[in-house]
Amino acid sequence: MTRVNSDEVVELFDGGWLQLDGAVSGTRVIVARHRAPASGKRVSVGKCIGEWVYEIFITTLPIDGFLVEDVLDLYHGRGAFEAVLGDEDVEEEPDRWCSYTECGQELW
């Protein structure tokens with residue numbers, strides 16, 4: 001598959017199911033790999049082995065309902081959404097939003 005935002009080609013491998021123990025349902029192992037960046041650049045996500053960077057994903061989503069691409073789309077979409085919410089959490093200092101009204105000023 002090709003990443004939308006960078007046109008980087010990523011190879012995806014579905015490793016099948018891994019039974020961890022009796023209490024946990026089967027987990028599906030997915031591996032993604034792409035070419036390592038030019039030497040000297042730090043790899044922030046994944047494990048660099050030779051000329052490849054590997055990432056591992058674990059899910060319980062069924063194979064017949066979710067292709068490997070679907071699982072990664074869900075993962076990357078979730079990450080983007082959480083970053084937006086994280087930005088909102090630190091956007092304003094508390095005194096900016098709790099002191100707009102008289103009772104908020106008294107409370108603050």
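**Exercise 1. Which residue in strand 4 is the bridge partner of Ala32?**

Before starting, note that this is a predicted model, in which local features need pLDDT of at least 70 and side-chain atom pairs count only at pLDDT 80 or more, while totals for chains, interfaces and linings use all residues. Residues are numbered from 1 along each chain as its sequence is written, and side-chain values use heavy atoms, with hydrogens and water left out.

*Solution.* Begin with the strands, which are DSSP runs of E with at least two residues, just as helices are runs of H or I with at least four, both numbered from the N terminus. Strand 2 and strand 4 (residues 52-59) pair in the antiparallel sense over eight bridges, where pairing requires that DSSP finds at least two bridges between two strands. Within strand 4, the partner of Ala32 is Glu55, and the partner of His34 is Val53.

**Exercise 2. Place the strands in the sheet and describe the hairpin of strand 3 and strand 4.**

*Solution.* The four strands form an open sheet in the order 1-2-4-3, with antiparallel pairing. Its edge strands are strand 1 (11-18) and strand 3, each of which pairs on one side only. Strands of a sheet pair through backbone hydrogen bonds, either parallel or antiparallel. Turning to the hairpin, strand 3 (residues 47-49) pairs with strand 4 in the antiparallel sense over three bridges, and Ile49 stands opposite Trp52 of strand 4. Two residues lie between these strands, and Gly50 takes a positive phi near 65°.

**Exercise 3. List the residues of the largest nonpolar core and find which elements supply two or more of them.**

*Solution.* A nonpolar core is a set of buried Ala, Val, Leu, Ile, Met, Phe, Trp, Tyr and Cys residues joined through side-chain atoms within 4.5 Å; buried means under 20% relative accessible area, exposed over 50%, and partly exposed in between, using a 1.4 Å probe and protein chains only. The largest core has seven residues, namely Val10, Ile30, Ala32, Phe57, Val68, Val71 and Leu72. Strand 2 (27-35) and helix 1 (68-89) each give two or more residues to this core, and helix 1 provides the largest share, three residues. In soluble globular proteins, nonpolar side chains tend to be buried together.

**Exercise 4. Is Ser39 buried or exposed?**

*Solution.* First locate Ser39, which is found in the loop between strand 2 and strand 3. Ser39 is exposed because its relative accessible area is 77%. Finally, Ser39 and Glu51 are twelve residues apart in sequence, and their C-alpha atoms are 9.7 Å apart in space.
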